[in-house]
Amino acid sequence: MKIIVFGNVPLASWLIEQLFLSNLELLGVVYDDHHSNEFSHHGMSFPAAKATCEKLGIKRISFTEAKELALKQPILGISVRYHKLFKKEYFESFSPGIINLHGGELPRFRGTNIANHAILQNVKRGAGTLHYIDEGVDCGDIVLREFFDVNDNSTAFDFFTQTLYALQEAATKLIKLIEEGKEIPRTAQSYYINELAEVAQEYKKKDLDKLKEITQEDLKNGMLDRKVRAFTFGDHSGAYLREGDNKFLVSKVL
């Protein structure tokens, strides 16, 4: 099977290396001009995708060129946190489609900033999900879900790190399936919702802004520790207490 990867982050670099070492045909990678260490805050030992492709001699493909190639021959696209929007006429050019590596359990956690919301909700398990891209936000058919346990003291960054490991496990299984000539699993999310009674929810970036403030109600309900952990993520702004017009960031001593 011929494959094109879309991505810039270290996880994309990891996947590129795995495909390079596999028996599959990696036609090229759609990436941007990021510095090698630009995503060091992700906590992975891999550089930006550009550096990996240049090291391995993998062809750089433009976003437009990828679609043109897919219209001429069957190509599986794999998106790793790629920032551009895949419109319907674009992802339908690929056969069997474009698979996205999503850092959260679908259908329960669609959208962005999943690590923050998962800690706020005190989840006991998380997941990395491989799913086909469609017109909705993370609504496409599920390929694989790789679960992990969430520690009671986990921060949002801990959760994010675990999703990276889970996505590596799921992607490794996907590569093996394709190498063995097996059909790629594909289950509609409606099955999980209607048959397994799983909840579906979409989260947007703006949803976090109103949740960062630690209120008196949070203090009464014992939410202080959880809120602080939910917004502990590298150099991102954390949870805060307000006094008048002043905001005081609150951090957890680890």
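A surface patch, as the term is used here, consists of residues with over 30% relative accessible area and no salt bridge, with nonpolar side chains joined within 5 Å. In this predicted model, Leu219, Leu224, Leu241 and Phe248 form a nonpolar patch of about 310 Å² on the surface. Leu241 lies in strand β9, which spans residues 240-243. The relative accessible area of Leu241 is 33%, so this residue is partly exposed.

The interior was examined next. The largest nonpolar core comprises 57 residues, and those with the most contacts inside it are Val5, Leu11, Leu15, Leu130, Phe159 and Leu174. Helix α6 (residues 156-179) makes the greatest contribution to this core, supplying 11 residues. A second core, separate from the largest one, has 16 residues, among them Phe6, Val30, Phe86 and Phe91. When residues up to four places away in sequence are not counted, Leu174 touches Ile78, Ile99, Leu130, Val143, Leu144 and Ile184.

Charged pairs were then considered. Side chains of opposite charge can pair when their charged atoms come close. The whole structure contains 16 salt bridges. One of the pairs is formed by the side chains of Glu105 and Arg145, with an N to O distance of 4.0 Å. This salt bridge links distant parts of the chain, since Glu105 belongs to the loop between β4 (97-102) and β5 (110-111), whereas Arg145 is placed in strand β7 (residues 142-149), 40 residues apart. Glu105 has a relative accessibility of 5% and therefore counts as buried. Both Glu105 and Arg145 take part in a network of salt bridges that also includes Arg125 and Glu198.

Two further salt bridges each have an N to O distance of 2.8 Å. In one of them, the side chain of Lys227 meets that of Asp218, and both residues are buried. In the other, Asp225 is paired with Arg229. These two residues are separated by about one helical turn because they lie 4 residues apart in helix α9 (residues 224-230). Asp225 counts as partly exposed, at 31% relative accessibility, whereas Arg229 is buried, with a relative accessible area of 5%.

Strand β7 also holds Glu146. With a relative accessible area of 17%, Glu146 falls under the 20% limit and is therefore buried. The side chain of Glu146 is joined to that of Lys173 by a polar contact of 2.9 Å. Apart from neighbours within four places in sequence, the residues in contact with Glu146 are Gly126, Ala127, Gly128, Ala166, Glu169, Ala170 and Lys173.

The backbone was considered last. Most residues other than glycine have a negative phi, and most peptide bonds are trans. The peptide bond from Ser95 to Pro96 is cis, with omega near 15°, and Pro96 is located in the loop between α4 (88-91) and β4. Leu106 and Pro107 are likewise joined by a cis peptide bond, for which omega is about 5°; Pro107 occurs in the loop between β4 and β5. A positive phi, near 55°, is found at Asn113, in the loop between β5 and α5 (114-120). Asn122 also has a positive phi, of about 60°, and is situated in the loop between α5 and β6 (125-132). Asn113 is partly exposed at 29% relative accessibility, and Asn122 is partly exposed at 30%.

Notes:
Residues are numbered from 1 along each chain as its sequence is written. This is a predicted model: local features need pLDDT of at least 70, side-chain atom pairs count only at pLDDT 80 or more; totals for chains, interfaces and linings use all residues. Side-chain values use heavy atoms; hydrogens and water are left out. Patches are made of residues with over 30% relative accessible area and no salt bridge: like charges are joined within 9 Å, nonpolar side chains (Val, Leu, Ile, Met, Phe, Trp, Tyr) within 5 Å. Accessible areas come from the Shrake-Rupley method with a 1.4 Å probe; for residues, only the protein chains shown count as cover. Buried means under 20% relative accessible area, exposed over 50%, partly exposed in between (1.4 Å probe, protein chains only). A nonpolar core is a set of buried Ala, Val, Leu, Ile, Met, Phe, Trp, Tyr and Cys residues joined through side-chain atoms within 4.5 Å. Contact means heavy atoms within 4.5 Å. A polar contact is a pair of N or O atoms within 3.5 Å; within protein, one must be able to donate a hydrogen and the other to accept it, and residues adjacent in sequence count only if both atoms are side-chain atoms.
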